[in-house]
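Let's take a friendly walk through this structure, starting with its pockets and ending with a small sheet.

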Amino acid sequence: MKKNLIYALALASSMMAACTDDYTDWAAPQQADPEPAFSVSLAVAPVAAIDLATVTTESVQVFTPTLTTDAEGAETSYTVVLDAAHELAADAEGQVLVSDLAAAVTDIFGMRPTERTMNATVEAYVAVNGASVKSTAAVEIKVTPVAPVIESAYYLIGTNNGWALDASTPFTHSGADVYDDPVFTVTIDAPVDAETGARVDMYFKVAPQSAIDNADWNVVYGCATDGDTSLEGNLVAGGSAGAMMQPATDGALYYQISVNMLEGTYTITPLSFGEFIWIPGDHQSWAPSTAPRLRSANSDGIYTGFCYLDGGFKFTQQPEWVNDKEYNSSHFPNMGSNLSAGDGGNIVIDQAGFYYLVADIPTGTLTATLIDSWGIVGDAAGSWDIDMPMAWDAAKGCWSTTAELAAGAIKFRANGGWDISVGGASFDDLTEANGDNLNVEAGTYLIELYLQRTDSEKMYATLTAE
């Protein structure tokens, strides 16, 4: 035991001696020599304007750098900052990936193929032995995005207009920038033979405004194979392109044709409009089965009628929710100023109230006229010029009044004018557009006017003797 203790003391003494040889000044710790300072100077020169439609390489030069530094063995990297938000990695020659540049320009300016000028900042990072210095310089970069030229207007030509290169059948558009919304739509009647009235096949192409202005068939769009009956496909430009075709045997009454001029595609939707469409929405808990209805009197896709609206709504082609069987905000590029598009394709009315609606599906036009008042006019009501006012009964969903009538004729009209009125052969089946006079016997009546077609396919009024 004593021998082990002596050995341990001797080992400790030896270790202390060894440490003293290596580090004798405990008051002055050892320090590494400082890295020598180095300087960095960056200058950048602009390059010629870049048209991305002509670039065939993976990268493109956006600036020419000149970097001066006295550091030996330095590693250098570059970043280009566009619009203070888009950072693009660049190489030593000032090149960036074309895909990165195109994405940044599109995000900042959109896809319109117009030369864009950007004030960019080039950041150079110079690193030596773990130390890094940043130097910046400004440069102007001019870039034209890649996108097809989209004109302001397009027209359908073919069987529908005798292949005349004219503007008789225009596509409708939302009015937004054509690069934000490149979709144009038209709905036309299925063609018929003028003499026999029989359906005939429909052939068509799509003509831009420039084709109409210059009588130029070389810029008209068709399809790859003449007579292609596909309901969707790619547009092909040029006078030799084929014509799209829809056969008379498909039974359609109308065709809705949409073209996406950014993607260069077309879609055809054969249509046979039903008599009614339903109006579910915030005004009645979004239940198509109990929703008011609009009617297309001629089955031509122009639906009219009345509804109390409050917030968002849509139209359904059936009294139930069925995929692809609704008309929402996307179907109406032309909407009245008191209507707007909401979330999920809803259509939104800006003021709650009772409205006269016209939903023109072929032209994509929707209007809503606020009804401030309904009145009764006629010799039985005392005047054809002064309205006997009615009040809105929200609980019953009708306009009503109790009035004394003389024997004679009456009609109902809105807002004290004849723009919107109803009459008819009987009170059980009222019609719009200044229908026939309604005859009454003298008496005092509770008069209720039901226009929303919720419990009946017809508009009607009841007169209950008091």
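**Two pockets and a sheet**

In this predicted model, the second largest pocket holds about 240 Å³ of space. Strand E21 (302-309) and strand E35 (429-431) are the elements that give two or more residues to the lining of this pocket. E35 contributes the most, with 3 residues. The lining comprises 18 residues, and those nearest the centre of the pocket are Arg-295, Ala-297, Thr-304, Glu-432 and Arg-453. Sorted by class, the lining of the second largest pocket has 8 charged, 6 nonpolar and 4 polar residues.

Now turn to the largest pocket, with about 720 Å³ of space. Its lining is made of 34 residues, and Gln-256, Thr-269, Tyr-327, Ser-330 and His-331 lie nearest the centre. Several strands each supply at least two lining residues here: E11 (183-189), E17 (254-260), E18 (265-271), E19 (276-278) and E24 (326-327). By class, the lining of the largest pocket counts 17 polar, 13 nonpolar and 4 charged residues.

Finally, have a look at an open sheet of 3 strands, where the order is E22-E27-E26 and the pairing is antiparallel. Strand E22 (312-313) and strand E26 (339-341) stand at the edges with a single partner strand each, so one side of each has no neighbour in the sheet. Between E26 and strand E27 (residues 347-349), which run antiparallel, there are 3 bridges. To find one of these on screen, start at Ala-341, whose bridge partner in E27 is Ile-347. As a general reminder, strands of a sheet pair through backbone hydrogen bonds, either parallel or antiparallel.

Key. Residues are numbered from 1 along each chain as its sequence is written. This is a predicted model: local features need pLDDT of at least 70, side-chain atom pairs count only at pLDDT 80 or more; totals for chains, interfaces and linings use all residues. Side-chain values use heavy atoms; hydrogens and water are left out. On a 1 Å grid over the protein atoms alone, a cavity is a set of points where a 1.4 Å probe fits but cannot get out, and a pocket is an open set with protein on both sides within 12 Å along at least five of seven lines; lining residues have an atom within 4 Å of a point. Grid points are joined across faces, edges and corners, and a volume is the space filled by probe spheres set on the points. Helices (H or I, at least four residues) and strands (E, at least two) are DSSP runs, numbered from the N terminus. Ala, Val, Leu, Ile, Met, Phe, Trp, Tyr, Cys and Pro count as nonpolar, Asp, Glu, Lys and Arg as charged, and the others, Gly among them, as polar. Two strands pair if DSSP finds at least two bridges between them.
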